[in-house]
Amino acid sequence: NYLSKLNPVKLTAETCTDAKLLKHEILAVRENGFSTTVDQLDYGITALAVPIHDTNGNVIASINTSAYTGNTTPEKLIERRLSFLKKAASNIAQTLTRYPTLKTILRP
């Protein structure tokens, strides 16, 4: 439903704005536990992101890391940073569980 109403902005020639492809990417993130992008946000940015879940398993935020596209690949980011990023996401989720009032800053 959300994607059917979404009007994505194409930030670069690489930005995915097709609802079907975005849905496919969301499903892949659910399966893999992470997402990568190359030059979709801006040219020269390769990024890796992982979700942050609440105690019910709902995604409430995400955390990412990025590097210059000329110096890395998604595969290198996954190899070098994914475990650290997942640990950081877990630490944030645990902190939000201990201090539930912090979750209010995540709401629009």
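**Helix α2 and the pocket it lines**

Me: Which residue follows α2, and near what value is its phi?
Reply: α2 is followed by G33; helices (H or I, at least four residues) and strands (E, at least two) are DSSP runs numbered from the N terminus. This is a predicted model, in which local features need pLDDT of at least 70 and side-chain atom pairs pLDDT 80 or more, while totals for chains, interfaces and linings use all residues. Residues are numbered from 1 along each chain as its sequence is written, and side-chain values use heavy atoms, with hydrogens and water left out. The phi of G33 is positive, near 85 degrees.

Me: How far does α2 reach from its first C-alpha to its last?
Reply: α2 has 14 residues. The expected span, 1.5 Å times one less than the number of residues, is 20 Å for α2. The model comes close to that, with a reach of 20 Å.

Me: Which side chain has an oxygen that reaches the backbone nitrogen of K20 at the start of α2?
Reply: The polar contact (N or O atoms within 3.5 Å, one able to donate a hydrogen and the other to accept it; sequence neighbours count only if both atoms are side-chain atoms) to the nitrogen of K20 is 3.0 Å long. The backbone nitrogen of L21 lies 2.9 Å from a polar atom of the same side chain. Its residue sits in the loop between α1 and α2. The residue is D18.

Me: Why is D18 classed as partly exposed?
Reply: Buried means under 20% relative accessible area and exposed over 50%, with partly exposed in between (1.4 Å probe, protein chains only). D18 is partly exposed because its relative accessible area is 38%.

Me: Which element gives the most residues to the lining of the largest pocket?
Reply: The pocket (an open set of points on a 1 Å grid over the protein atoms alone, with protein on both sides within 12 Å along at least five of seven lines; lining residues have an atom within 4 Å of a point) has 32 lining residues, the closest to its centre being L22, E25, I26, V29 and S35. Elements giving two or more residues include α1 (2-5), β1 (35-38) and β2 (45-53). Nine residues come from the largest contributor, α2.

Me: Which element gives the largest share of the largest nonpolar core?
Reply: This core (buried Ala, Val, Leu, Ile, Met, Phe, Trp, Tyr and Cys joined through side-chain atoms within 4.5 Å) has ten residues, among them F34, L48, V50 and A89. β2 and α3 (74-98) each give two or more. The largest share, five residues, comes from α3.

Key:
1 Å grid on protein atoms, 1.4 Å probe; cavity = no way out; pocket = protein on both sides within 12 Å on 5 of 7 lines; lining within 4 Å.
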